[in-house]
Amino acid sequence: MIQGGERRTFSIIVVVAIAVVAWSCWRAELVPWRSGGGSVTAVLNSFLPPAGGRDFLLASATAAAETVAVAVLGTVLALLIGLPLGLLSSRAVMIGPRFAARWQRPQPLAQLIGGSARLLAAGLRSVPEVVWAVILVRVVGLGPTAGVIALGVAYGGMIAKVAAEQLELADPAPAAALSQAGSLRLGTLLWAHLPMTAPGLSDYAIYRFECAVRASALMGYVGGGGLGFQIEHSYGYSRYDEVTTQVLILMLLVVAVEWCADRVRRWWS
């Protein structure tokens, strides 16, 4: 049973939480009576019915295919960046199976390499992929190339963090046994570390691909190509019925990708 003091503390927490939410709504101008109801209704009506037409649907389908291609290549690039960084960031790989104890000893080179890899991975993932896309559009120009690189850089840092954590959380016994038997570091990596972490890393890579499909559409809105670029173009010319169709295509695309990813997970397991 809640005591009197605990009840008062709980009441204070609830009141503070309500006050914070109310302040956030006011600060974000999320006040219903401030919006013009008539204009909002008129804009919403302009989104219906969804646009059709053979040429428009074909162009939207082509843009959707480009979005998937950006997501695929971005995920591949992220794996190429993230896995090596994850291996270099992991003390279990760089130092050995008993890294927790040996890490206290002076290991200047291992600490330098591991620390540098962790710092680089943190820097890559600290910048959202859409910001990377905005920067890269200025470097490589409009088109899907900027989206692919932006996904690879941002998601590469995330994959590096997850890979390093899974390597360090894995059972150290197999790696220790191989090390005591005289196995080289590469052999220990191939026959102990990677087999134990492969299922978890595979699941995370699939999840990142699902995120990449949605993110590639957003990056297209800032010039990264694909369906997002088509949405931005239609919205810029106030063709809201086309935006409705393109958003529906994006929703179907995401659902299809997640369904396929779920089938792959079941097959893999």
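Biologist: What share of the 269 residues counts as buried?
Modeller: Of the 269 residues, 36% count as buried, where buried means under 20% relative accessible area, exposed over 50% and partly exposed in between, with a 1.4 Å probe and protein chains only. Mind that this is a predicted model, in which local features need pLDDT of at least 70, side-chain atom pairs count only at pLDDT 80 or more, and totals for chains, interfaces and linings use all residues. Residues are numbered from 1 along each chain as its sequence is written, and side-chain values use heavy atoms, with hydrogens and water left out.

Biologist: How much area does the protein expose?
Modeller: About 16000 Å², with carbon and sulfur atoms supplying 69% of it; the areas come from the Shrake-Rupley method with a 1.4 Å probe, and for residues only the protein chains shown count as cover.

Biologist: How many helices and strands?
Modeller: There are 12 helices and zero strands, so the pattern along the sequence is α-α-α-α-α-α-α-α-α-α-α-α. Helices (H or I, at least four residues) and strands (E, at least two) are DSSP runs, numbered from the N terminus.

Biologist: What part of the contacts comes from residues 24 or more positions apart?
Modeller: Such pairs make up 74% of the contacts with a separation of 6 or more. Contact means heavy atoms within 4.5 Å.

Biologist: Switching to packing. How do the axes of α3 and α8 cross?
Modeller: The axes of α3 (residues 54-89) and α8 (residues 144-169) come within 5 Å and cross at roughly 40°. Axes here are lines fitted to C-alpha atoms, for helices over the stretch in contact, and angles run from 0 to 180 degrees between N-to-C directions.

Biologist: Left-handed or right-handed?
Modeller: The crossing of α3 and α8 is right-handed, that is, the near helix is turned clockwise from the far one by less than a right angle; anticlockwise would be left-handed.

Biologist: And which residue classes are in that contact?
Modeller: The contact of α3 with α8 has 21 nonpolar, seven polar and two charged residues. Ala, Val, Leu, Ile, Met, Phe, Trp, Tyr, Cys and Pro count as nonpolar, Asp, Glu, Lys and Arg as charged, and the others, Gly among them, as polar.

Biologist: What does Leu-85 touch?
Modeller: Leu-85 is in α3 and counts as buried because its relative accessibility is 10%. Leaving aside neighbours within four places in sequence, Leu-85 is in contact with Ala-117, Leu-120, Ala-121, Leu-124 and Ala-160. Its C-alpha atom is 8.3 Å from that of Lys-161, 76 residues apart along the chain.

Biologist: Where is Ser-90?
Modeller: Ser-90 is placed in the loop between α3 and α4 (91-94). Ser-90 is buried, at 0% relative accessibility. Not counting residues up to four places away in sequence, Ser-90 touches Ala-164, Leu-167 and Glu-168.

Biologist: Is Ala-146 in α8 buried or exposed?
Modeller: Buried, because the relative accessible area of Ala-146 is 1%. Ala-146 lies in α8, and its contacts, not counting residues up to four places away, are Ala-133, Leu-136, Val-137, Val-140 and Gly-141.

Biologist: Which residues does Glu-210 contact?
Modeller: Glu-210, in α10 (residues 185-224), contacts Val-257, Glu-258, Ala-261 and Arg-265, leaving aside neighbours within four places. At 9% relative accessibility, Glu-210 counts as buried too.

Biologist: Last one. Which residues of α11 are buried?
Modeller: In α11 (residues 227-236), the buried residues are Leu-227, Gly-228, Ile-231 and Ser-234. They are on the same side of α11 because they cover an arc of only 125° around the axis, the arc being that of the directions from the helix axis to the C-beta atoms.
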